[in-house]
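Here is a friendly walk through a structure, written for someone who likes to think in angles, contacts and distances. Please keep the 3D view open while you read.

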Number of protein chains: 2
Amino acid sequence: MSKPTILVVNDDGISARGIRALVEAMKEIGDVTVVAPDSPQSGMGHAITIHNPLRLDKVDIFKDVDAWQCSGTPVDCVKLAVNKILNRKPDICVSGINHGSNSSINVIYSGTMSAAMEGAIEGIPSIGFSLVDFNLDADLTAAKHYAGIITRAVLKGVHWKELLLNVNIPNLPLKEMKGIKICRQAMAKWKEEFEERQDPSKQKYFWLTGKFINPDLGEDTDEWALANGYVSVVPIEFDFTAHHAIPRLNKLSWNE
Amino acid sequence: MSKPTILVVNDDGISARGIRALVEAMKEIGDVTVVAPDSPQSGMGHAITIHNPLRLDKVDIFKDVDAWQCSGTPVDCVKLAVNKILNRKPDICVSGINHGSNSSINVIYSGTMSAAMEGAIEGIPSIGFSLVDFNLDADLTAAKHYAGIITRAVLKGVHWKELLLNVNIPNLPLKEMKGIKICRQAMAKWKEEFEERQDPSKQKYFWLTGKFINPDLGEDTDEWALANGYVSVVPIEFDFTAHHAIPRLNKLSWNE
């Protein structure tokens, strides 16, 4: 088999340490192209840029790797990569390594996962990698190691369409990792807390903060895996239909 | 039963005609509070604002209705409404009426639906309404009519948690509507096209455009319903796990 083509994206921006670690891991596996936002885009969900023009500039910041920075969102990066840079589908799309967890409900808010989801929608097997450590100086050794293992396993073993994985790596030294666990998304949520402040003109403003609350005690969840030293791998789909609710809704009275 | 408390949000911004129509429809049903972005936020997906402070200002633009505009995204609006304005959960959260379809794969990119999804995550029955007409001068009569019917039916008949509906209304006069149809999300997608231009300094930029492609011919989809004159109602869930993929992934060889 010839070397696979690998598209690398992220949401922390092209200069983040996490994408550098991911590029290094992917260079061992295939031909790498990077398209990433020119500034941090955390929490962008599946945002796309439709009311502003998009800029795309070639940059020379990774050794022996073609790289572009884009003024748009992580999703814009994937769309531009496939349509304007590669001009074809890569063999795999990897996103990250995100600085901070995207487990459980965080998948919905995550720019890292939105880029991977966009890859999957385009029909490219796609994986988002996140390290459970928001510290920008985090040790990326173990995350990089597992990004390599999981990408190789998918390239070798997955022959079905629309593969999309949400991979989270616990904040542990490599030798303390227990291995890889396939999981479901824990049904946890954030309890928001808004910090109220005053600006110099005495006008009120808010910072969004919050506390993560997980009432889902299943041992098959990503939260359980991470808390017990495993790398969590959750397969994700983009059919959001609650199929189980259709019969119940059909029984409702829709008086017109 | 006392009058229900209704939270109205949107993504086109507080001055859009669509939210005005929705407020009018909801005033017939309950006590309405509006919290909406101070500017258009289309295509924002499930974005949240974490790197910027949020502003929230009371505005007097709807007759007999408390309304706030917020500098953040549709999701921020819901979080602020529940935590800083209402200080409790409303009985229902309605989002829209969006100017343009949010059927099929558009649910992923939609700010309208992200606001509704955030409501559902908070445990509030939530509905997003979208009119299949991007024209800002669109006739909202039929959409407003169905928003009333569907909201009443949900308030009366739904006693389960985490209800989330994606409602799209075809661009037809009220008397030509065939009724309401419960559907699944059509597995359609966008074929991107980037329009390339030059700015006055001869630098290249792109506009994201695209063509909607629907290979899913099922008669149980939202696309089929809309094309055949029905209002489409798709129940949505925020467990994104592809449960069917877990056994297949467990069979892969994850060599470490």
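The report below goes from the overall build of one chain to the pairing of the two chains, then to the sheet and a few backbone details.

**One chain as a whole**

Please bear in mind that this is a predicted model. Chain A holds 7 helices and 11 strands. Along the principal axes, its C-alpha atoms fill a box of roughly 60 × 55 × 50 Å. The radius of gyration of chain A is 19 Å, which agrees with the value near 18 Å that a compact globule of 256 residues would have. Of those 256 residues, 52% count as buried in chain A. Contacts that reach far along the sequence are well represented: among the contacts in chain A with a separation of 6 or more, 77% come from residues 24 or more positions apart.

A single pair gives a feel for how the sequence folds back. Glu24(A) and Phe62(A) lie 38 residues apart in sequence, while their C-alpha atoms are 8.9 Å apart in space. Glu24(A) belongs to helix α1 (residues 17-27) of chain A. With 17 other C-beta atoms within 10 Å, Glu24(A) is partly exposed.

**How the two chains meet**

How can chain B be laid on chain A? A turn of 180° with a shift of 0.0 Å along the axis does it, and the RMSD is 0.0 Å. The two copies are thus related as by a two-fold rotation axis.

At the interface, 61 residues of chain B are in contact with 61 residues of chain A. On the chain B side, helix α2 (residues 74-85) gives the most, with 5 residues. That side of chain B divides into 36 nonpolar, 15 polar and 10 charged residues. The copies meet through the same surface, because 98% of the interface residues of chain B are also interface residues in chain A.

**The sheet of chain B and its helices**

In chain B, 9 strands form an open sheet with mixed pairing, in the order β3-β4-β2-β1-β5-β6-β7-β11-β8. Its edge strands are β3 (56-59) and β8 (179-182) of chain B, each of which pairs on one side only. On average, neighbouring strands of this sheet are turned by 20° against each other, direction ignored.

Within the sheet, strand β5 (residues 92-99) and strand β6 (residues 126-131) of chain B pair in the parallel sense over 5 bridges. Here Cys93(B) stands opposite Ser126(B) in β6(B). Helix α1 (residues 17-27) of chain B packs on the sheet, where it touches β1 (5-9), β2 (31-37), β5 and β6 of chain B. The direction of α1 in chain B makes about 145° with that of β5(B). Helix α4 (residues 111-121) of chain B packs on the sheet too, touching β1, β5, β6 and β7 (164-169) of chain B, and its direction makes about 170° with that of β6(B).

How many residues of helix α4 (residues 111-121) of chain A are buried? The count is 11 of the 11, so the helix is largely enclosed by the rest of the structure. Among these buried residues are Met113(A), Met117(A), Glu118(A) and Ile121(A).

**Backbone details worth a look**

Strand β5 carries a cis peptide bond in each chain's listing. In chain A the bond joins Gly96(A) and Ile97(A), with omega about -10°, and Ile97(A) is found in strand β5 (residues 92-99) of chain A. In chain B the cis bond joins Gly96(B) and Ile97(B), again with omega about -10°, and Ile97(B) lies in strand β5 of chain B.Positive phi values in chain A make a small set of their own:

| Residue | Phi | Place |
|---|---|---|
| Ser104(A) | about 55° | loop between β5 and α3 (106-109) of chain A |
| Gly123(A) | about 90° | just after α4(A) |
| Lys202(A) | near 65° | loop between β9 (189-198) and β10 (204-213) of chain A |

Ser104(A) has its positive phi although it is not a glycine, and Lys202(A) is likewise a residue other than glycine.

Is Ser104(A) buried or exposed? It has 27 other C-beta atoms within 10 Å, and since 20 or more are needed to count as buried, Ser104(A) is buried. Lys202(A), by contrast, has 6 such neighbours within 10 Å and is therefore exposed.

Conventions: Residues numbered from 1 in each chain as written. Chains lettered and ligands numbered in written order. Predicted model: local features only at pLDDT ≥ 70, side-chain atom pairs only at ≥ 80, totals over all residues. Least-squares fit on C-alpha atoms with pLDDT ≥ 70 in both. Contact = placed C-beta atoms within 7 Å. Helix = DSSP H or I, 4+ residues; strand = E, 2+ residues; numbered from the N terminus. Nonpolar A, V, L, I, M, F, W, Y, C, P; charged D, E, K, R; others polar. Pairing = 2+ DSSP bridges. Axes fitted to C-alpha atoms, helices over the stretch in contact; angles between N-to-C directions. Buried ≥ 20, exposed ≤ 12 C-beta atoms within 10 Å, placed from the backbone. Rg over C-alpha atoms; globule rule 2.2 N^0.38 Å.
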